[in-house]
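Student: Could you take me through one part of this model up close? I'd like to see how a pair of neighbouring helices is put together, and what surrounds them.

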Amino acid sequence: MIFIQINQEAGYEYDIHSLVKAFYPPENISVCTMEKEVSEPPLLWIDVDYLERSIAIAFKQPAHADEKGAWETVRRQEVAVDHGNRKETRNRLKKTLYQLLSDFTGKQLPWGTLTGIRPTKIPMTMLEKGNTEQDIVAYMRRTYDTSMEKIALSIEIAKRELGLLCRLDYQNGYSLYIGIPFCPSTCLYCSFTSFPLHMWQDRICDYLDALDREIEFTADRFKDRYLNSIYIGGGTPTTLTPGQLERLLTKIEQCFDLSHLLEFTVEAGRPDSISREKCDVLRAHGISRISINPQTMIQRTLDLIGRHHTVEQTVECFQMARSLGFDNINMDIIMGLPQETLDDVSYTMGQLRQLKPDNITVHSLAVKRAARLHMFQEEYANLKMVNTQEHLDLAARVCQEMGMTPYYLYRQKNMAGNFENIGYAKTGKAGIYNILIMEEKQTIMALGAGAITKFVAYQNPSEQTAPAAVRIKRTGNVKEVAQYIERIDEMIQRKADLMSSIYGGS
């Protein structure tokens, strides 16, 4: 355990916790203002004191193993700050803490002090303002201690994203997310809003009824806007029967004008949920992009993490989809899965090379609080999970050999190796929605249990270029399926109220 005591709450607790956790992934991190009793001495005690014109950070360790309560300061640094400038204060606090942690542990993090999920927003914003690549490098090195390799990667992706997003009308366009929160089984590492299908089969029609209500509301309120992309995710959307998929896709076509649609993705996901009949339905409705996600091509790992499908099923589903004419197929893999070696990753990438998908998304395992892997830590304490730059370089090299380039990037809390998730795609096959959800350039209406709508409002709606957003507002639906069904009117009203506060009108 690592204990962090602050002399007052100043709003930087999340930043402090995230940065320390990045250096000590297995440890429990406690941040509080009060000194508290602990059953055994923590690995490290950190004091953070907000003073009138500075912040002081001290690292302490037990002075003597046999003397309870005796602590010795082993590192201390104080940095001058202007508390009126929160952004600059936050950056200075994190940089000072990072330097102390790096000196204390002998480690450096590839992303430096950056703990947010959207690192490419920094170079993208600077490029839009006319800054040069040299300006971006200097700023990210000076402000965040980011490595040259990650800076170069983020600039490359930001430039590619800007090239793709120039096709969109940010102000008058919008995108649509529809969540299907059911799965054949729950994976060991999963923390998404998903529920075992067998428990909810009798209520799926009720769920679709509620979705219909949200679809109708959204289509009416956005009838004067252009729908640019649709993403049906989950969960696993293909847990729906062919008839249920037909019903959902028909409803979408009946309610929305799809003439401005650039992309329609259905995350088929689990091979054990895919059938020819379901793929026929998707093809009949013109779905332009699907995902068939193996996560790994090592069978023993699939068994361990609770993926109830075989490697052979993955191959068969992919080949079937290709034979039906799907020409934009994404496949997800995860680095750092329990017990996997670098050789296992190499084997998985070799199998994907033979299949020749159009996109590959390389995830670094992130174990969230809601995942079984976190909730039952003692049960899984002996599982070895390793992710290194060598793993990511291997995946990047194979993707490049397959004619793919990186086009979007995001990070998550508690990622294995403190790295990132990267989407690779062949020319013309990049997922537009994936970029939009990360870069927050366009309103995304999100429907279904646990879905979070993101309204992006602009200062100059008449301009065709991308001005700075005035504000971004979010509203979320309840996660539990029964609650979503019963409270659908409330979910719709939440959206209506927020839309009125942002755009005006009824």
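Tutor: Here is a walk through one helix pair, followed by its surroundings and the cores.

Keep in mind that this is a predicted model. The protein has 17 helices and 18 strands, and the pair to look at is α4, residues 133-144, with α5, residues 148-165. Their axes come within 10 Å and cross at roughly 135°. That angle makes α4 oblique to α5, because only angles over 145 count as roughly antiparallel. As for handedness, the crossing of α4 and α5 is right-handed.

Now for the side chains. On the α4 side you'll find Glu-133, Ile-136, Val-137, Met-140 and Arg-141, and they meet Met-148, Ile-151, Ser-154, Ile-155 and Lys-159 of α5. Sort the residues of this contact by type and you get 6 nonpolar, 1 polar and 3 charged.

Step back along the chain and there's α3, residues 121-128, where Ile-122, Pro-123, Met-124 and Met-126 are buried. The buried residues of α3 pack against both members of our pair, α4 and α5, and also against α15 (432-439). After α3 comes Gly-130, which has a positive phi, near 95°.

Go the other way, past α5, and you reach the loop between α5 and β6 (173-180), which is where Tyr-170 sits. Tyr-170 has a relative accessible area of 7%, so it counts as buried, the cut-off being under 20%. Its C-alpha is 9.6 Å from that of Asn-228, although the two residues are 58 apart in sequence.

What about the wider setting? Of the 506 residues in the protein, 54% are buried. In soluble globular proteins, nonpolar side chains tend to be buried together. The largest nonpolar core here has 93 residues, and Ile-232, Ile-252 and Tyr-484 have the most contacts inside it. Helix α7 (residues 204-221) gives this core its largest share, 8 residues. Take Ile-252 as an example: leaving aside neighbours within four places in sequence, Ile-252 touches Ile-178, Ile-215, Ile-230, Ile-232 and Phe-264. Another core, of 26 residues, lies apart from the largest one and includes Ile-6, Ala-22, Leu-44 and Leu-97.

One last number on how the chain comes together: among contacts between residues at least 6 apart in sequence, 74% join residues at least 24 apart.

Notes:
Residues numbered from 1 in each chain as written. Predicted model: local features only at pLDDT ≥ 70, side-chain atom pairs only at ≥ 80, totals over all residues. Heavy atoms only, no water. Axes fitted to C-alpha atoms, helices over the stretch in contact; angles between N-to-C directions. Helix = DSSP H or I, 4+ residues; strand = E, 2+ residues; numbered from the N terminus. Parallel < 35°, antiparallel > 145°, perpendicular 65-115°, else oblique. Left-handed = near helix turned anticlockwise from the far one by under 90°. Contact = heavy atoms within 4.5 Å. Nonpolar A, V, L, I, M, F, W, Y, C, P; charged D, E, K, R; others polar. Buried < 20%, exposed > 50% of the residue type's maximum accessible area, 1.4 Å probe, protein only. Core = buried A, V, L, I, M, F, W, Y, C linked by side-chain atoms within 4.5 Å.
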